[in-house]
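Please open the model in your viewer and keep the sequence panel beside it. The tour below moves from one selection to the next and says what is found at each stop.

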Amino acid sequence: MELLIETLSKQYSNGVQALNNVSLNIPQGMFGLLGPNGAGKSTLMRTIATLQKADSGSITWGELNILEQQEEMRKVLGYLPQEFGVYPRVSAEMMLDHIARLKGLSNRKERNETVSALLQKVNLYKERKRNLGTYSGGMKQRFGIAQALIGNPKILIVDEPTAGLDPAERNRFYNLLSEIGESTIVILSTHIVEDVKTLCKQFAIICSGEVMYVGTPHDAVKTLDGKIWSKAIDKHEIEDYREKYKVIATQLSEGKLFIRVVSDDNPGEGFTATEPSLEDVYFNAISAKVDLVTL
Ligand code: ADP
């Protein structure tokens with residue numbers, strides 16, 4: 001069953017239009033919400049999670065009208081917020097037990113079983129007696145997933161979960177999420193293209209509150225076939241190139257600046273045709289809204 005978001009808009013009281021007519025169909029599996037800081041990802045996540053209201057539009061999941069039936073939604077929802085604080089002097093096991101009780105698991109035996117199973121699922125069972133304050137960033141995120149999975153949610157929302165994880169931790173976290181995505185709608189917000197490339201069947205690029213692209217990563221890359229051109233230039237020439245071409249990426253290597261340009265035709269001047277990547281799609285999609293020099 002799909003989660004349907006239709007023409008959702010939200011303006012904060014300071015005048016910021018955080019969501020502008022956002023419409024998305026989110027199927028079962030991992031769905032990536034990719035966008036730079038300030039794009040509106042957290043606003044969208046919090047609205048789906050019933051933690052804040054939209055000005056207009058609707059979110060439905062089957063018969064459930066999420067913006068109106070908040071209690072019902074919360075029964076099927078798991079949420080890992082961006083800022084996930086933990087009590088440092090409490091063990092993972094005790095904390096999970098406490099959250100499970102708050103979520104209504106009153107039967108002690110059932111609760112113990114649930115807590116053990118979740119700790120095993122996120123690979124923290126051996127470390128269950130350790131205080132959360134001693135956990136690494138990756139372990140805390142896995143603990144965050146365990147608490148979000150209490151009650152077997154049908155929709156799991158994870159907001160920027162991989163920021164700050166080292167490569168090994170990120171990999172472990174990817175494996176965990178993709179396993180969960182086999183049976184659940186998982187909405188993953190991120191500004192890291194790699195997250196989407198590795199995990200998501202479908203994704204959307206969101207920028208300045210607007211959806212710039214929706215589809216599969218594979219189809220997204222195909223849209224730029226034959227349109228990416230690269231060249232090594234002198235660092236000082238970059239401003240001229242920016243004026244003349246649509247430069248979507250720059251990378252410094254051994255004193256030379258490698259630039260990537262989007263163009264339907266060969267721009268000439270020593271440019272080489274290059275395979276497009278998902279990064280190209282992302283930077284091309286947001287380039288109209290964001291000054292890429294500052295990214
Ligand atoms: P993201 O999660 O993609 O970084 P957010 O949804 O947090 O984006 O923010 C979208 C825009 O709304 C930003 O410009 C942000 O500064 C603004 N914003 C977010 N929360 C509030 C708030 N409570 N009050 C006013 N502006 C906000």
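Begin by selecting asparagine 21, which is found in strand E2 (residues 17–26); strands, like helices, are DSSP runs numbered from the N terminus, with at least two residues (E) for a strand and at least four (H or I) for a helix. The phi of asparagine 21 is near 60°, a positive value in a residue other than glycine. Most residues other than glycine have a negative phi. Asparagine 21 is partly exposed, at 48% relative accessibility, where buried means under 20% relative accessible area, exposed over 50%, and partly exposed in between, with a 1.4 Å probe and protein chains only.

Before going further, note that this is a predicted model, in which local features need pLDDT of at least 70 and side-chain atom pairs count only at pLDDT 80 or more, whereas totals for chains, interfaces and linings use all residues. Residues are numbered from 1 along each chain as its sequence is written, and side-chain values use heavy atoms, with hydrogens and water left out.

Next, select serine 208, in the loop between strand E9 (202–207) and strand E10 (210–215). Here too phi is positive in a residue other than glycine, and for serine 208 the value is near 50°. With a relative accessible area of 35%, serine 208 is partly exposed.

Now select cysteine 200 and cysteine 207. How many disulfides does the structure hold? The structure holds zero, a disulfide being a pair of cysteine sulfur atoms within 2.5 Å. The sulfur of cysteine 200 has its closest cysteine sulfur in cysteine 207, and because the two are 18 Å apart, they are too far for a bond. Cysteine 200 is buried, at 7% relative accessibility, and cysteine 207 is buried as well, with a relative accessible area of 1%.

For the largest pocket, select Ala49, Leu51, Arg74, Lys75, Leu77, Gly78, Tyr79, Lys103, Leu105, Gln147, Ile150 and Gly151, which line it. A pocket is an open set of points, on a 1 Å grid over the protein atoms alone, where a 1.4 Å probe fits and with protein on both sides within 12 Å along at least five of seven lines; lining residues have an atom within 4 Å of a point. The space in the largest pocket is about 300 Å³, a volume being the space filled by probe spheres set on the points, which are joined across faces, edges and corners. Helix H2 (70–76) and strand E6 (77–80) each supply at least two residues of this lining, and E6 gives the most, with three residues. By class, the lining of the largest pocket has six nonpolar, three polar and three charged residues; Ala, Val, Leu, Ile, Met, Phe, Trp, Tyr, Cys and Pro count as nonpolar, Asp, Glu, Lys and Arg as charged, and the others, Gly among them, as polar.

Move on to the second largest pocket, with a volume of about 230 Å³. Of the 14 residues that line the second largest pocket, select Lys121, Leu149, Asn152, Pro153 and Thr184, the closest to its centre. Helix H4 (108–121) and helix H6 (167–180) are the elements that give two or more residues to this lining, and the largest share, four residues, comes from H4.

Finally, select the whole chain, which has ten helices and 14 strands. Buried residues make up 47% of its 295 residues, and along the principal axes the C-alpha atoms fill a box of roughly 70 × 45 × 35 Å.
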